[in-house]
Every structure is written in structure tokens, then in C-alpha cells.
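Thank you for making the time this morning. I would like to walk through one chain with you, so please keep the picture in view while I talk.

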Amino acid sequence: MKTTIKVTANKSAKTFTIRTYVDGKLNNKYRTTPMTKEEFQSESNNTENDWKQFLKSSDYYLVKSY
């Protein structure tokens, strides 16, 4: 089972939408809580591994499970 992550930034709301895929199939969609401008800019440079670590925190919520 290969898990990949795709992240989309919402600059006006200062949030990120994080989609997780298992074997190429969409699994879950998460959204971060609104961030400060500095946090948002810092997080925008995250790698896929950084986002995997981020999902171990509590600064997001589940939007939809597929």
C-alpha cells in the first residue's frame, strides 16, 4: 500500500487542504485550521514528509473520508 499526499494552499483563508491517496485512490481530505501569515508562509515550503508529520498534530480537521 503506497500512501501519497497532495496539498493545495488557500492564500486568502491561510489554510491548506491536504488529500491523502492510497494506491492512487483518494482516501481522506483534511483542512488545516487558519494560520498566521508567518505560519502559512513557513508551511508552504513543506515536503510530503513534512505534511505526513503535520498530520500527526491536531491543527487540522477531517473534511471528508472516501
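Let me begin in the loop between strand S1, residues 3-10, and strand S2, which is where Lys14 is found. I should say at once that this is a predicted model, and everything I describe is to be taken in that light. Lys14 has a relative accessibility of 27%, so it counts as partly exposed, because the partly exposed class runs from 20% to 50%. Leaving aside residues up to four places away in sequence, Lys14 touches Thr33, Pro34, Met35, Thr36, Lys37 and Phe40. Lys14 can also be placed relative to Ser44, from which it is 30 residues apart in sequence and, C-alpha to C-alpha, 10.0 Å apart in space.

Stepping back to the chain as a whole, there are two helices and four strands, and from the N terminus on they run in the order β-β-β-α-α-β. The C-alpha trace spans about 35 × 20 × 20 Å along its principal axes. Does the radius of gyration suit a compact globule, or what would one expect for 66 residues? A compact globule with that number of residues would have a radius near 11 Å, and the chain has 12 Å, which agrees. Of the 66 residues, 26% count as buried, and the accessible surface comes to about 4,600 Å², with 46% of that belonging to carbon and sulfur atoms. If we take the contacts with a separation of 6 or more, residues 24 or more positions apart account for 43% of them.

Now to strand S2, residues 15-22, where Thr17 lies. Thr17 has a relative accessibility of 9% and therefore counts as buried. Its side chain is joined to the side chain of Arg31 by a polar contact of 3.2 Å, and Arg31 is also among the residues that Thr17 touches, the others being Lys6, Val7, Thr8, Lys29 and Tyr30, again not counting residues up to four places away in sequence.

A second threonine, Thr32, is found in strand S3, residues 25-32, and with a relative accessible area of 1% it is buried. A polar atom of the Thr32 side chain lies 2.8 Å from the backbone nitrogen of Phe16. With the same sequence neighbours left out, the residues that Thr32 touches include Phe16, Trp51, Phe54 and Tyr60.

Those names lead us to the interior. The largest nonpolar core has nine residues in all, namely Ile5, Phe16, Ile18, Tyr30, Met35, Phe40, Trp51, Phe54 and Leu55. The elements that give two or more residues to this core are S2 and helix H2, residues 48-54.

Finally, the aromatic rings: the count comes to five aromatic pairs. In one of them, the rings of Phe54 and Tyr60 have their centres 6.3 Å apart and their planes at 40°, so the pair is tilted. The two partners can be set side by side, since Phe54 counts as buried at 10% relative accessibility, whereas Tyr60, with a relative accessible area of 22%, is partly exposed. Beyond its sequence neighbours up to four places away, Phe54 touches Ile18, Thr32, Met35, Glu43, Asp59 and Tyr60. Both rings belong to one aromatic cluster, which is formed by Phe16, Tyr30, Phe40, Trp51, Phe54 and Tyr60.

Key. Residues numbered from 1 in each chain as written. Predicted model: local features only at pLDDT ≥ 70, side-chain atom pairs only at ≥ 80, totals over all residues. Heavy atoms only, no water. Buried < 20%, exposed > 50% of the residue type's maximum accessible area, 1.4 Å probe, protein only. Polar contact = N/O pair within 3.5 Å; in protein donor to acceptor, adjacent residues only side chain to side chain. Contact = heavy atoms within 4.5 Å. Phe/Tyr/Trp six-rings, centres within 6.5 Å; stacked < 30°, edge-to-face > 60°. Rg over C-alpha atoms; globule rule 2.2 N^0.38 Å. Areas by Shrake-Rupley, 256 points an atom, 1.4 Å probe, with all protein chains shown as cover. Core = buried A, V, L, I, M, F, W, Y, C linked by side-chain atoms within 4.5 Å.
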